[in-house]
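Hi,

Here is the structure I promised to pass on. Have a look at it first, and then read my notes below.

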Amino acid sequence: MIDSSTGMKPGERYAVESLERTRHFPGFFLDGKYYLGPELLTAVGWLEGQQFLYDELDPAGEPVFPDRVAGTIRDLTLTLADGARLKLNKVRYNAQVDLPTQGTDDRQVQHLTPTSRVEVGAVQHGPSRLLAVSAGLLVGYLIARRLGRR
């Protein structure tokens, strides 16, 4: 459950606005969790009430933020421990699935899942296409290795 005072709504993505001389947060919030990218299914941060806990480690393996608390979020504003205030902006995204309709637009916007197809411009990318490309690359690699041994 998302604390309503954060200003975030379930099912919506929010990105942290980057400003000069402040920490950069490259990912997005979705349903109280913070992700680095849509293809990464593991959250690296999360909300506990208004507190934003961020699981980032320095090169020595220690948390970048004391007790992993990056700051607090209220009314779509992230206030970092050093006092910097960064706005959260709603991010638009499209995912689609095929629906059994005839002669009409057969797309429905929904959350991204591992089996969703993502629309990027006019090109559709999905798991089956990714598997086909990966398989083709693997076969090409194996053939090249075999030809190189002769």
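**What I found**

Let me start with one strand pair: E3 (residues 33-35) and E4 (residues 45-48) run antiparallel to each other and are joined by two bridges. If you want a spot to click on, Tyr34 sits opposite Gly45 of E4. Keep in mind as you look around that this is a predicted model.

That pair belongs to a bigger picture. Eight strands close into a barrel, going round in the order E1-E2-E3-E4-E5-E6-E7-E8, with antiparallel pairing. On average, neighbouring strands in this sheet are turned by 30° against each other, ignoring direction. As a bit of background, strands of a sheet pair through backbone hydrogen bonds, and they can do so parallel or antiparallel.

Next, go to strand E7 (residues 77-80), where you will find Thr77. Is Thr77 buried or exposed? Its relative accessibility is 7%, so Thr77 counts as buried, the cut-off for that being under 20%. And what is Thr77 in contact with, once neighbours within four places in sequence are left aside? The answer is Thr72, Arg85, Leu86 and Lys87.

Finally, there is a helix to look at. H1 covers residues 127-148, and Val139 lies in it. Together with Ile143 and Leu147, Val139 makes a nonpolar surface patch of about 280 Å². Val139 itself has 46% relative accessibility, so it counts as partly exposed; that label applies between 20% and 50%.

Have fun with it!

Definitions and conventions. Residues numbered from 1 in each chain as written. Predicted model: local features only at pLDDT ≥ 70, side-chain atom pairs only at ≥ 80, totals over all residues. Heavy atoms only, no water. Patch = residues over 30% accessible without salt bridge, like charges linked within 9 Å, V, L, I, M, F, W, Y side chains within 5 Å. Areas by Shrake-Rupley, 256 points an atom, 1.4 Å probe, with all protein chains shown as cover. Salt bridge = Lys/Arg side-chain N within 4 Å of Asp/Glu carboxyl O. Helix = DSSP H or I, 4+ residues; strand = E, 2+ residues; numbered from the N terminus. Buried < 20%, exposed > 50% of the residue type's maximum accessible area, 1.4 Å probe, protein only. Pairing = 2+ DSSP bridges. Axes fitted to C-alpha atoms, helices over the stretch in contact; angles between N-to-C directions. Contact = heavy atoms within 4.5 Å.
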